[in-house]
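Q: Please take a close look at one helix of this model and at what surrounds it. Give the cut-offs along with the description.

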Amino acid sequence: MDLSLSTRTVGDRTVVEVGGEIDVYTAPKLREQLVELVNDGNFHLVVDMEGVDFLDSTGLGVLVGGLKRVRAHEGSLRLVCNQERILKIFRITGLTKVFPIHTSVDEAVAATD
Amino acid sequence: MATVELRFSAQPEHVRTARLVAAAVARRAGVDEAVLDEVRLAVGEACSRAVGLHQSGGIAAPVTVMLIEEEKEFSIEVGDEARHATHAPGDAPGAVDEAEAEEDEMGLAVISGLVDDVKVTAGEDGGLIKMTWPTAPPTAVLA
């Protein structure tokens, strides 16, 4: 399965809905999308990963890159994920300490900490 | 010992194929269903790393994946033909591209976090990542 991306605005947040597989082949598309959003002045991003079937270290690298970009503008990057198989990858790489991970888009959009 | 060998040109789009084949052979070999996700991820990481090494080194040779079914275990060997610069702590800065080295390490970090039995070897004429999982043949499950 390929990668699907769609974005929508909720208040001052931009929600990026990601579906499919994020790997060495598809990660560049996600990177482009995040870079474009930041370049267009969207500094508070919520990446909804509920539709993601597969995530590897290339994908993690892109998310970390996105976080660095929004932070340069005092922005935020929050993740929405409930899937154990995906959460496990964040845990073993220690990235659960780096990303705020929420159980729903509503929760992520409302978060302010 | 039954073996499936897969060779693919160092293109990112083929990594998914390697993941699918590896998971299918692992399932057939009797690797626990709960572990198949780890097999898929680990082989993907190893292949992505090999593709990156071949591309950055301008190596035309394919990446090799060996799927080896043995009596009580299943192993995957991912081989690359990149020259691995062995760098000592005393090396001059810039001897190894730092961003590339970081990406490389992230992939290896995921592999070592996922797989208990992993061996990484590297030399002048290529590198090899060997990962091994235990298998449970159906007869053993009935006992």
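A: A residue is called buried if 20 or more other C-beta atoms lie within 10 Å of its own, exposed if 12 or fewer, and partly exposed in between, with C-beta atoms placed from the backbone. The model is predicted: local features need pLDDT of at least 70, side-chain atom pairs count only at pLDDT 80 or more, and totals for chains, interfaces and linings use all residues. Residues are numbered from 1 along each chain as its sequence is written, and chains are lettered from A and ligands numbered from 1 in the order in which they are written.

The part chosen is helix α2 of chain A, in which A:S57 is found. Helices are DSSP runs (H or I, at least four residues), numbered from the N terminus. A:S57 is buried, because 26 other C-beta atoms lie within 10 Å. Its C-alpha atom is 8.3 Å from that of A:V24, which is 33 residues away along the chain. Contact between two residues requires C-beta atoms, placed from the backbone, within 7 Å. Leaving aside neighbours within four places in sequence, A:S57 is in contact with B:E45, B:M106, B:G107 and B:V110.

These pairs lead to the contact between the chains, which takes 13 residues from chain A and 17 residues from chain B. On the side of chain A that touches chain B, α2 (57–71) and α3 (84–92) each supply at least two residues. α2(A) gives the most to that side, with four residues. By class, the side of chain A that touches chain B has five nonpolar, four polar and four charged residues. Here Ala, Val, Leu, Ile, Met, Phe, Trp, Tyr, Cys and Pro count as nonpolar, Asp, Glu, Lys and Arg as charged, and the others, Gly among them, as polar.

Within chain A, α2(A) also packs against helix α1 (residues 27–39), at an angle of about 10° and with the axes 9 Å apart. Axes are lines fitted to C-alpha atoms, for helices over the stretch in contact, and angles run from 0 to 180 degrees between N-to-C directions. α1(A) and α2(A) are therefore roughly parallel to each other, a term for angles under 35 degrees. From α1(A), the residues A:A27, A:L30, A:R31, A:L34, A:V35 and A:V38 meet A:T58, A:G59, A:V62, A:G65, A:G66, A:R69 and A:V70 of α2(A). The contact of α1(A) with α2(A) comprises seven nonpolar, four polar and two charged residues.

Methods
Parallel < 35°, antiparallel > 145°, perpendicular 65-115°, else oblique.
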